[in-house]
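Please look through the model shown below. The paragraphs after it go from one residue in a strand to a hairpin, then to a ligand site and a helix.

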Amino acid sequence: MTAPSDTEAPDNDPVDTDSLLSTAQAAIAGARSIEEIRQVAASVSGKRSPLAEASRRLGALEPAARKALGQQIHQARTAIDGLLEQRRNDLEREERSRQMAEARMDLTEFIPGSIPAPAARGHLHLVSQTRDSLEDVFVGMGFEAAEGPEIETDWFNFGALNMPPAHPARSMFDTFYLNLGPPESTVLRTHTSPVQIHLMEEAVASGGLPIHAVMPGRAYRHETEDARHLAVFHQIEGLVVDKGITFADLAGTIQVFTTAYFGPDIHSRLRPAYFPFTEPSAEFEVTCTICHGEGCRTCSQTGWIELGGCGMVDPAVFDAVGIDADEWTGFAFGFGIDRCAQMRHQIADMRALTENDLRFLRQF
Ligand code: PHE
């Protein structure tokens, strides 16, 4: 057996595992970050640590000494590993809570002046409010609400309503014609009465008679605007088709509506009139609410304001849509929603409804 060289010579210096342990303990306790504990771990229990060195020397020892030292090294390593583990956990926990504290947002924090004043809230235009409350009155009386198109063919706006081409009554309606199809075949509806035709045609096609409906919507007339006329205005049409309907049903409906909508102080009257699609026909007027019947600029000094027209459905209209006029009778009415708003709120000039002046609109 050759003598072992210097470097390989077993180092018989006693290993003081207690002092290794306490040195490691101090180093571990002194680690202030995950990175530091990693370095400390390498130096106290890594491959180049005194502990690893001591283990490597075990092989050269006598069995008894090897066993004793081996146990001491094992105990020291277990203790050191435990301490490392614990310190690492503590540091990780600290690190996590530091990160969370840094990331926390204070939702109650605000920079004074940085929050704009809440946006002002709008509301429905007076005309829309009026349409809704008129609809409510009629729905309360058992009518259903329906709508129709604003662009109509000549047939729906005139023909089916007993106004064949060149009928003189067409001049009652100053018509906007659309540049669509043959000349004068398509119009912006001049009243809501064409919706009657749509409803009756549908009812005939689907067996949907009787009809009790109101039809609010926009209508157009090519005319000069003044205190009580707009070129783009709104009407609400009413149509009842049933068995045994008389003019008394029409008059009663108008009366109940007037009191429900305007209150008991406002009177209404029916005056004989002419419409091609109703016979007999009447004009429906209410006391002028601006002057209370005294006479003023708004009512042209008459004390009355015309709201619309009405009458018993002309048999020629029933013919046009294929309803048997011997079996069914009906009444129809149509009046201005803008006019109602004007009378209900005493608006001297109806044009205020279209000027979009907030000082006016905010009042309603
Ligand atoms: N459509 C008519 C108009 O606008 C009003 C009306 C409707 C008259 C229904 C009678 C029956 O003037």
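A residue counts as buried when its relative accessible area is under 20%, and as exposed when that area is over 50%. The model to which this is applied here is a predicted one.

Take E285, which is found in strand β7. Is E285 buried or exposed? The relative accessible area of E285 is 6%, and because buried means under 20%, E285 is buried. Its side chain has a polar partner: a polar contact of 2.7 Å joins it to the side chain of R269. With neighbours within four places in sequence set aside, E285 is in contact with H267, S268, R269 and R271, and also with W304, I305, E306 and L307.

The strand that holds E285 is paired with another. Strand β6, residues 268-275, runs antiparallel to strand β7, residues 278-287, and seven bridges join the two. One of the positions involved is S268, whose bridge partner in β7 is V286. The connection from β6 to β7 is a hairpin through two residues. In a regular strand, side chains alternate between the two faces of the sheet.

Next comes the ligand. Which residues are closest to the ligand? There are 15 residues around it, and the closest are H191, S193, R221, Q235 and G334. Three of these residues have polar side-chain atoms to consider in turn. For H191, such an atom lies 3.0 Å from a nitrogen atom of the ligand. For R221, a polar side-chain atom lies 2.9 Å from an oxygen atom of the ligand. For Q235, an N or O atom in the side chain is 2.9 Å from an oxygen atom of the ligand. The ligand taken alone exposes 320 Å², of which the protein buries 94%.

The last element is helix α7, residues 194-206. Its 13 residues should span 18 Å at 1.5 Å a residue, and the end C-alpha atoms are 19 Å apart, so the model agrees with the expected value. The buried residues of α7 are P194, V195, Q196, I197, H198, L199, M200 and A203. An α-helix has 3.6 residues a turn, so residues three or four places apart point the same way. What covers the buried residues of α7? The cover includes the strands β2 (151-153), β4 (211-220), β5 (232-242) and β9 (329-336), together with the helices α6 (154-157) and α9 (315-321). After α7 comes G207, whose phi is positive, near 65°.

Conventions:
Residues numbered from 1 in each chain as written. Predicted model: local features only at pLDDT ≥ 70, side-chain atom pairs only at ≥ 80, totals over all residues. Heavy atoms only, no water. Helix = DSSP H or I, 4+ residues; strand = E, 2+ residues; numbered from the N terminus. Expected span 1.5 Å × (residues − 1). Buried < 20%, exposed > 50% of the residue type's maximum accessible area, 1.4 Å probe, protein only. Contact = heavy atoms within 4.5 Å. Pairing = 2+ DSSP bridges. Near = heavy atom within 4 Å. Polar contact = N/O pair within 3.5 Å; in protein donor to acceptor, adjacent residues only side chain to side chain. Areas by Shrake-Rupley, 256 points an atom, 1.4 Å probe, with all protein chains shown as cover.
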